[in-house]
Amino acid sequence: MAITRTGAHAMLYCAGWKTGLAVLLLLAGTACARSDPEERLRERAAELHAAIESREVAAMQHLLADDFVGNDGLDGRQARALASMLMSRYRSIGVTFGPMDVQLQPPANATVRFHALTTGGDEGLLPQRVQAYDVETAWREDSGEWVLYHAKWTPRL
């Protein structure tokens with residue numbers, strides 16, 4: 001059986017196409033399976049943001065290390081109580097994080113600095129409370145997950 005030039009090109013095209021697809025799938029699988037530490041840290045910060053805005057204190061608490069320390073020695077239990085108190089006081093809570101400055105300290109620590117704007121109110125047209133903060137947080141990787149172990153926030157207004 002003779003293979004014509006057109007048939008050979010078609011076979012090479014199909015083989016090349018299949019090989020190219022296999023390589024792309026392999027690369028995509030590798031990229032999805034492993035993200036860099038900064039990307040994973042930014043995802044955890046986004047989870048914290050979502051937990052606050054959705055009023056999920058347990059989800060927020062899950063992101064804090066067991067030895068979490070905040071302003072004035074605030075520990076994890078007190079952070080949960082503070083969040084619960086604010087969420088019961090305001091029906092609507094908003095938080096906006098400014099651009100994050102992420103500084104990784106290998107092998108498993110990071111500092112994240114950003115500005116935050118918080119709002120609270122009773123779902124009216126304008127919030128009853130607005131406050132801007134400078135925030136500095138310290139994170140570490142525990143069992144492959146970033147956890148927040150220190151936070152310091154300073155009012156800007």
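**Close-ups of a predicted model**

**View 1. The largest pocket holds about 820 Å³ of space.** Keep in mind that this is a predicted model. Counting up the wall of the largest pocket gives 31 lining residues, and the ones nearest its centre are Ile 52, Leu 82, Leu 86, Thr 118 and Trp 153. Sorted by class, that lining comes out as 25 nonpolar, five polar and one charged residues.

**View 2. Helices and strands both help line the largest pocket.** On the helix side, H2 (37-53) and H4 (76-89) each put in at least two residues. The strands that do likewise are E1 (64-69), E2, E4, E5 (129-142) and E6 (145-155). Top contributor is E4, which hands over six residues.

**View 3. Here's the one aromatic pair that a search of the whole structure turns up.** Phe 97 and Phe 114 have ring centres 4.5 Å apart and planes at 40 degrees, so this pair is tilted. Phe 97 sits in strand E2 (residues 92-97) and Phe 114 in strand E4 (residues 109-121), so the pair links parts of the chain that are distant, 17 residues apart. How buried or exposed is each ring's residue? Phe 97 is partly exposed at a relative accessible area of 21%, while Phe 114 counts as buried at 10%. The cut-off for buried is under 20%, which is why the two residues get those labels.

**View 4. The largest nonpolar core takes in 27 residues.** Leu 41, Phe 68 and Val 112 are the members that touch the most others in this core. At least two core residues come from each of H2, helix H3 (57-62), E1, H4, E4, E5 and E6. As background, nonpolar side chains in soluble globular proteins tend to be buried together.

**View 5. Zooming in on Val 112, we find Leu 41 among its contacts.** Both Val 112 and Leu 41 were picked out above for touching the most other core members. Setting aside neighbours within four places in sequence, Val 112 is also in contact with Met 100, Asp 101, Val 102, Val 135, Glu 136, Thr 137 and Trp 139.

**View 6. Gln 131 is a buried residue in strand E5.** Its relative accessible area is 12%, and buried means under 20%, so Gln 131 makes the cut. What does Gln 131 touch, not counting residues up to four places away in sequence? One set of partners is Ala 116, Leu 117 and Thr 118, and the others are Pro 155, Arg 156 and Leu 157. Thr 118 also turned up in the first view, as one of the lining residues nearest the centre of the largest pocket.

Conventions. Residues numbered from 1 in each chain as written. Predicted model: local features only at pLDDT ≥ 70, side-chain atom pairs only at ≥ 80, totals over all residues. Heavy atoms only, no water. Phe/Tyr/Trp six-rings, centres within 6.5 Å; stacked < 30°, edge-to-face > 60°. Helix = DSSP H or I, 4+ residues; strand = E, 2+ residues; numbered from the N terminus. Buried < 20%, exposed > 50% of the residue type's maximum accessible area, 1.4 Å probe, protein only. 1 Å grid on protein atoms, 1.4 Å probe; cavity = no way out; pocket = protein on both sides within 12 Å on 5 of 7 lines; lining within 4 Å. Points joined across faces, edges and corners; volume = space filled by probe spheres on them. Nonpolar A, V, L, I, M, F, W, Y, C, P; charged D, E, K, R; others polar. Contact = heavy atoms within 4.5 Å. Core = buried A, V, L, I, M, F, W, Y, C linked by side-chain atoms within 4.5 Å.
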